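Open the model in your viewer and keep the selection panel at hand. Each stop below says what to select and what is there.

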Amino acid sequence: MDLSEMFPAQVEKWIDEIQEMDVEMLARSTGFQKRRQRKIQMQDLVMGIMAVVAAGRLSFERVASSIARRARKPYSKQALQKRLQPSVARLFIAILGRCLQPALKEAITGGIFATFNRVLLHDSSTIALPERY
């Protein structure tokens with residue numbers, strides 16, 4: 001399986017995990033949502049974006065139509081563009097962090113480093129000192 005096949009499969013797994021998350025609580029904690037949603041629910045917004053990410057062809061029009069299908073309400077690309085502020089990045093970082101927790105926990109406890117007693121990291125970067133030293 002090459003990377004072009006792995007990424008959509010992984011996104012599909014994340015979509016299943018996101019459906020079980022309290023996305024509204026994450027949106028409030030990251031500052032993306034300040035009050036109760038009136039038109040489009042936060043779960044529909046996130047799932048609509050993730051559905052297009054899984055397909056791999058992002059555009060405002062595609063994402064907006066995906067959100068509209070999911071919410072079963074009209075949603076324009078202009079409305080989406082208004083919503084996309086720096087706080088949306090914090091929201092998706094929090095969501096991605098929640099999705100990656102099981103994999104990270106496995107890697108730490110019994111994953112790729114389980115057979116080693118210790119792991120040493122060496123850094124070969126150098127810093128030039130002024131000529132007077």
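**Stop 1: the second largest pocket**

This model is predicted. Start with the second largest pocket, which holds about 290 Å³ of space. Select Ile49, Met50, Val53, Leu58 and Phe92: of the 17 lining residues, these lie nearest the pocket's centre.

Now colour by helix. Helix H1 (3–20), H3, helix H4 (60–71) and helix H6 (86–109) each give two or more residues to this lining. Which helix gives the most? H6 does, with five residues.

Colour by residue class next. The lining has 16 nonpolar residues, one polar residue and no charged ones.

**Stop 2: H3 against H4**

Keep H3 and H4 on screen. Their axes are 8 Å apart, and the helices pack at an angle of about 130°. That angle falls outside the ranges for roughly parallel, antiparallel or perpendicular, so H3 and H4 count as oblique to each other. H3 passes H4 in a right-handed crossing.

Show the side chains at this contact:

- From H3, select Gln43, Asp44, Leu45, Met47, Gly48, Ile49, Ala51 and Val52.
- From H4, select Arg62, Val63, Ser66, Ile67, Arg70 and Ala71.

By class, the contact of H3 with H4 has eight nonpolar, three polar and three charged residues. Ile49 of H3 is part of this contact, and Ile49 is also among the residues nearest the centre of the second largest pocket.

**Stop 3: H2 against H3**

Hide H4 and bring up helix H2 (residues 23–30) beside helix H3 (residues 42–55). These two pack at about 90°, with their axes 8 Å apart. H2 is therefore roughly perpendicular to H3.

Select Val23, Glu24 and Ala27 on the H2 side, then Met42, Gln43 and Val46 on the H3 side. This contact has four nonpolar residues, one polar and one charged. Leave Gln43 highlighted for a moment: Gln43 touches H2 here, and Gln43 is also in the contact of H3 with H4.

**Stop 4: the largest pocket**

Finish at the largest pocket, where about 560 Å³ of space lies. Which residues are closest to its centre? Select Arg35, Gln37, Arg38, Tyr75 and Arg83, out of 19 that line the pocket.

H3 and helix H5 (77–83) each supply at least two residues of this lining. H5 gives the most, with three.

Colour by class once again. The lining of the largest pocket has six nonpolar, six polar and seven charged residues. Set that beside the second largest pocket, whose lining has no charged residues.

Definitions and conventions: Residues are numbered from 1 along each chain as its sequence is written. This is a predicted model: local features need pLDDT of at least 70, side-chain atom pairs count only at pLDDT 80 or more; totals for chains, interfaces and linings use all residues. Side-chain values use heavy atoms; hydrogens and water are left out. Axes are lines fitted to C-alpha atoms, for helices over the stretch in contact, and angles run from 0 to 180 degrees between N-to-C directions. Helices (H or I, at least four residues) and strands (E, at least two) are DSSP runs, numbered from the N terminus. Angles under 35 degrees count as roughly parallel, over 145 as roughly antiparallel, 65 to 115 as roughly perpendicular and the rest as oblique. Contact means heavy atoms within 4.5 Å. Ala, Val, Leu, Ile, Met, Phe, Trp, Tyr, Cys and Pro count as nonpolar, Asp, Glu, Lys and Arg as charged, and the others, Gly among them, as polar. On a 1 Å grid over the protein atoms alone, a cavity is a set of points where a 1.4 Å probe fits but cannot get out, and a pocket is an open set with protein on both sides within 12 Å along at least five of seven lines; lining residues have an atom within 4 Å of a point. Grid points are joined across faces, edges and corners, and a volume is the space filled by probe spheres set on the points. A crossing is left-handed if the near helix is turned anticlockwise from the far one by less than a right angle, and right-handed if clockwise.
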